[in-house]
Amino acid sequence: IPNNIESLNSHVFSKAKVKITRDLQAHRHLHGSHVVCCPAFFCHPELDIKPKTQKNKVAVCWQSNAIKCCGVKNGNMTDMLTKFIQKNKAQAVCHSFPDFIAASKLGLDPFFSSSYRDYFDFYKEFDLVISLRVHGSGVASSFGIPNITIGHDSRSEAVTYFGSELFTGSCNLQEYFDSIDDAEIENRSRKIIDLKREKYNQYIDILKPTKLTTLEKYNEKDMG
């Protein structure tokens with residue numbers, strides 16, 4: 001949170017018609033704001049999504065400390081996911097070029113692109129995503145894909161608002177992964193899809209009175 005947040009509240013944010021935050025950390029400092037979720041939950045705009053039903057294809061959104069300002073400070077977490085990828089033959093994906101270079105040097109054969117559309121095409125093919133990045137989990141949730149976020153800083157709280165499971169290291173990741181069966185994949189997928197519709201309607205309820213949207217709320221009956 002910036003040191004000048006009170007000044008921003010007085011001179012900038014006070015002029016906003018609506019203030020929406022993605023987590024409680026921001027909400028506590030932004031007067032009169034609504035806590036909903038990160039908009040990444042809606043990067044794939046469809047609300048009628050076919051749930052995942054099997055644990056076949058697993059992707060890992062891999063991150064290191066290659067970018068000093070926002071990298072993973074605890075190298076043990078990066079090492080844990082590196083070993084997980086190798087053991088389970090999971091597909092690595094990187095969201096930054098420095099991470100792509102670092103993962104490539106480890107022989108992880110990561111996916112990387114400079115186009116967001118390529119990431120959408122990539123993620124939608126998977127049944128489960130394990131991620132060190134908030135937005136890796138956000139994209140997965142947007143497609144109704146069950147996902148586990150490895151929490152490594154205070155921003156990780158945001159993932160709980162779009163249905164990701166926040167992994168805090170209280171148990172062994174491999175053992176936890178092994179315990180997830182196909183039925184659990186489908187159950188989690190359906191819950192994320194339901195939550196996406198709920199959060200969509202929450203956005204509409206907030207924006208509609210101020211005429212900031214012409215969109216209508218989701219109604220499953222209207223979808224046939």
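## Exercises on a sheet, its helices and its rings

**Exercise 1.** Find the residue of strand 6 that is the bridge partner of V129.

*Solution.* Start at V129 and look across to strand 6: the bridge partner there is N147. Keep in mind that you are working with a predicted model. Next, step back to the whole strands. Strand 5 (residues 128-131) and strand 6 are paired in the parallel sense, with 3 bridges between them. Finally, trace the chain: leaving strand 5, it passes through helix 6 (residues 134-142) and arrives at strand 6, a β-α-β crossover that is right-handed.

**Exercise 2.** Work out which way the side chains of strand 6 point, and whether they are buried or exposed.

*Solution.* Begin with the general pattern: in a regular strand, side chains alternate between the two faces of the sheet. Now go along strand 6 (residues 147-150): N147 and T149 point one way, while I148 and I150 point the other way. Then check burial, where the cut-off is under 20% relative accessible area. All four of these residues of strand 6 are buried.

**Exercise 3.** Which strand residues in strand 7 stand opposite I148 and I150?

*Solution.* Strand 6 and strand 7 (residues 165-167) run parallel and are joined by 3 bridges. Take I148 to begin with: opposite it in strand 7 stands E165. Move on to I150, and you will find F167 as its bridge partner.

**Exercise 4.** Write down the strand order of the open sheet and identify its edge strands.

*Solution.* The sheet has 5 strands with parallel pairing, in the order 4-3-5-6-7. Each edge strand pairs on one side only, and these are strand 4 (91-93) and strand 7. Going from one strand to the next, the twist averages 25°. Helix 6 packs on this sheet and touches strand 3, strand 5 and strand 6, with its direction at about 170° to that of strand 6. Helix 3 (residues 75-88) lies across strand 3 (58-61), strand 4, strand 5, strand 6 and strand 7, and runs at about 155° to strand 3.

**Exercise 5.** Why can helix 6 be called largely enclosed by the rest of the structure?

*Solution.* Count the buried residues: they are 8 of the 9 in helix 6, so the helix is largely enclosed. Among them are V134, G136, V139 and A140. Now look for their neighbours: the buried residues pack against strand 3, helix 5 (116-123), strand 5, strand 6 and helix 8 (182-207). Just past the end of helix 6, G144 has a positive phi of about 75°.

**Exercise 6.** Classify the ring pair formed by F111 and Y119.

*Solution.* A pair of aromatic rings is described by the distance of the centres and the angle of the planes. The model has 15 aromatic pairs in total. For F111 and Y119, the centres are 5.5 Å apart and the planes stand at 90°, so this pair is edge-to-face. Check the surroundings too: F111 is partly exposed at 23% relative accessibility, whereas Y119 is buried at 10%.

**Exercise 7.** Which lysines lie over the faces of F177 and F126?

*Solution.* Over F177 you will find K55, at 4.0 Å from the ring centre. Over F126 lies K57, at 5.0 Å from the ring centre. To finish, locate one aromatic cluster, which is formed by F41, F42, F162, Y200 and Y203.

How values were computed:
Residues are numbered from 1 along each chain as its sequence is written. This is a predicted model: local features need pLDDT of at least 70, side-chain atom pairs count only at pLDDT 80 or more; totals for chains, interfaces and linings use all residues. Side-chain values use heavy atoms; hydrogens and water are left out. Buried means under 20% relative accessible area, exposed over 50%, partly exposed in between (1.4 Å probe, protein chains only). Helices (H or I, at least four residues) and strands (E, at least two) are DSSP runs, numbered from the N terminus. Two strands pair if DSSP finds at least two bridges between them. A crossover is right-handed if, with the strands pointing away from the viewer, the path from the first strand over the helix to the second runs clockwise. Axes are lines fitted to C-alpha atoms, for helices over the stretch in contact, and angles run from 0 to 180 degrees between N-to-C directions. Contact means heavy atoms within 4.5 Å. Rings of Phe, Tyr and Trp (its six-membered ring) pair if their centres lie within 6.5 Å; planes under 30 degrees apart count as stacked, over 60 as edge-to-face and the rest as tilted. A charge sits over a ring if NZ of Lys or CZ of Arg is within 6 Å of the ring centre and within 35 degrees of the ring normal.
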